[in-house]
Amino acid sequence: MSQKTCSTTASGPSHVEVYRQALASSEPFSALAPMQAVSSLEFWQVMQARGGPDLYFTEYFRVHSTSRPDRFILRSIDQNPTGRPVIAQMIGNDIPALIKTAKELAKHPVAGIDLNLGCPAPIVYKKCAGGGLLREPERVDAILGSLREAISLPFSVKTRLGFEASHELDKLLSVFARHPLDLLTLHGRTVKQMYRSAVDYDAIAKAVTSLPFPVLINGNVHSAKHAMQVHKQTQGAGWMIGRGAIRNPWLFDQIRALAKGQEPALPTGQDVLAYIEDLYHTLRYIPVSDEAHINRLKKYLNFIGLGIDRNGEFLHAMRQTRTREAFFHIARQHLDHASPMPLEPLDIPMKPRDVLAGVHR
Ligand SMILES: Cc1cc2nc3c(=O)[nH]c(=O)nc-3n(C[C@H](O)[C@H](O)[C@H](O)COP(=O)(O)O)c2cc1C
C-alpha cells in the first residue's frame, strides 16, 4: 500500500481511513455507481457541486494479460476534484493480471479496489468477465481468494443476483462469504435482466443477513423516500446510485436530509437548467465540434429527460438536437422557471434498444 493512500495528514484522515470508517459505521453511506463513459472527473465535479455521494467508484479498468491501467480513468483518480474517497473498479478474469493491476492502482490515491462481477454487456460476459463469471462460481472463488490475499487496501465486489436466475444467489453468497471482503454491492437483478426489470430487494435483504461484511443496495434507487424504504426493507449498509443520480444530482443531499428527519429540498426548474448548462461547459474538455459534444451529452440527457415532463417533449427535442443554440434553447424553454422539480422518473415510452434508460422505479 502506498504512503500516499494511507498516511494521516495534518488536514485530516486519509481517504482510506474515511472509507474504512464508513464501512465500520452503523450510519448508512452512499456511493455514485461506476458508469462507463459517464463517470469522468468532470462529471464528478458537477455532482459534487450539488452535494455528491460519500464515495465515488471509477468506471471499470479493463484487465487482461497485456493491459495497462487506462490513463483517462487514472486521471480521475489522480486529480479527484471531489474531496471524497475514490474506489477503482477492475473487470477481467486473468488472476496474475488482476493482481498486477490492483498493485499498480494502489500506487495512486485510491481508497479501495473493486471487482466487477455484474457487467451484462454480451461482449464482456461472452469472454467470461463481469457478469459472465457468475456462471462459474469456482472460478470466482479462486479469483477472490487470490485478490484478497494480494490487496491490502479495502477490497470489494460489485455483482448481481446470478447469471440466468436469482436462485443462483445462494451459491454465490456461499462463495462470497468464504472471503473477508470489505464490501459487496448487490444490483438486485440477474445478468440476463440487464437494466429495466423490477429489482428484487428481498434478495438484497437475504445477502445482508447472510454475509459477514457490509452490503450496498443497488438498482433503481430513485428518490430519498425510496432510499429510506429499501434501507428499511434490506438493512443494507447504504445505497449505490447510478441513473437516479444523473437525473437528480441533488439526490444524495436529499437522502441525507430525510435520514435526519428533514424535508428534502427540491431543486427549481432554474436549478436543473443550471445543472444542464454546467454539464455542457464542464464536460467540454476535449476540443470537439458542438455536434459531437452534444451527442456525448445525450448519454446524460437520456436520464435527465425522464424527470422533466410527462410527455417526454424535452427528451424528444434534445434527442434531435445538433446545435449549441438549439440545445440551450430547449433547456431554457422547459426549465427557465422557479417551480420545484421532483425529478422522479416518469413513464415515458422507450424503444427496446434503450436498454439503459426507460422507467426505473
Ligand atoms: C451508462 C452506464 C454505465 C455503466 N457502467 C458500469 C461500470 O463501468 N461498472 C459497473 O459495475 N456497473 C456499470 N453500470 C451499472 C451501474 O453501476 C448500476 O449497477 C446500474 O445502473 C443499476 O443502478 P441504478 O439503477 O442506480 O442506475 C453502468 C450503468 C450505466 C447506466
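This is a short tour of a predicted model, with a suggestion at each stop for what to select.

**Stop 1: the two domains**

Start by colouring residues 27–259 and 266–361 separately, since the protein chain is divided into domain 1 (27–259) and domain 2 (266–361). Their C-alpha centres lie 26 Å apart. Now look at where the two touch: the contact takes 19 residues from domain 1 and 21 residues from domain 2. On the domain 1 side, α3 (41–48) and α11 each supply at least two residues. The largest share of that side comes from α3, with four residues. What classes of residue make up this side of domain 1? Nine are nonpolar, five are polar and five are charged.

**Stop 2: the ligand**

Next, select the ligand and show what is around it. You should find 24 residues surrounding the ligand, and the closest are Ala33, Pro34, Met35, Gly242 and Arg243. Try highlighting β2 (55–62) and α11 (243–247) here, as each supplies at least two residues of the shell. By class, the shell holds ten nonpolar, eleven polar and three charged residues.

**Stop 3: the core**

Now for the inside. The largest nonpolar core has 105 residues. Select Ala88, Met90, Val110 and Ile113, the residues with the most contacts inside this core. At least three residues of the core come from each of domain 1 and domain 2. A bit of background: in soluble globular proteins, nonpolar side chains tend to be buried together.

Keep Met90 selected for a moment. Which residues does Met90 contact, leaving aside its neighbours within four places in sequence? The list is Tyr60, Phe61, Val63, Leu98, Thr101, Ala102, Ile113, Leu115 and Asn116.

**Stop 4: two helices, end on**

Pick out helix α5 (residues 95–105), where Leu98, Thr101, Ala102 and Leu105 are buried. Turn the view to look down the axis: the buried residues of α5 fall within an arc of 100°, so they line one face of the helix. They pack against β2, β3 (86–91), β4 (112–117) and α7 (137–150).

Then jump to helix α15 (residues 313–320), whose buried residues are Phe314, Leu315 and Met318. These cover an arc of only 95° around the axis, which puts them on the same side of α15. Show α14 (290–304) and α16 (324–335) too, because the buried residues of α15 pack against both of these helices.

**Stop 5: Arg75**

Select Arg75, which is found in helix α4 (residues 71–78). Why does Arg75 count as partly exposed? Arg75 has 13 other C-beta atoms within 10 Å, and a residue is called exposed at 12 or fewer and buried at 20 or more, so Arg75 falls in between. For a distance to try, go from Arg75 to Ile246, C-alpha to C-alpha: they are 21 Å apart in space and 171 residues apart in sequence.

**Stop 6: two positive phi angles**

Most residues other than glycine have a negative phi. Go to the loop between β1 (29–32) and α3 to find Ala37. Its phi is near 65°, a positive value in a residue other than glycine. Is Ala37 buried or exposed? Ala37 is exposed, with 9 other C-beta atoms within 10 Å.

Finish at Met194, in the loop between β6 (183–187) and α9 (201–210). Phi is positive for Met194 as well, near 55°. Met194 is partly exposed, with 14 other C-beta atoms within 10 Å.

Notes. Residues are numbered from 1 along each chain as its sequence is written. This is a predicted model: local features need pLDDT of at least 70, side-chain atom pairs count only at pLDDT 80 or more; totals for chains, interfaces and linings use all residues. A nonpolar core is a set of buried Ala, Val, Leu, Ile, Met, Phe, Trp, Tyr and Cys residues joined through C-beta atoms within 7 Å. Domain bounds come from an automatic or database domain assignment. Two residues are in contact if their C-beta atoms, placed from the backbone, lie within 7 Å. A residue is near a molecule or strand if its C-beta atom, placed from the backbone, lies within 6 Å of it. Ala, Val, Leu, Ile, Met, Phe, Trp, Tyr, Cys and Pro count as nonpolar, Asp, Glu, Lys and Arg as charged, and the others, Gly among them, as polar. The arc is that of the directions from the helix axis to the C-beta atoms.
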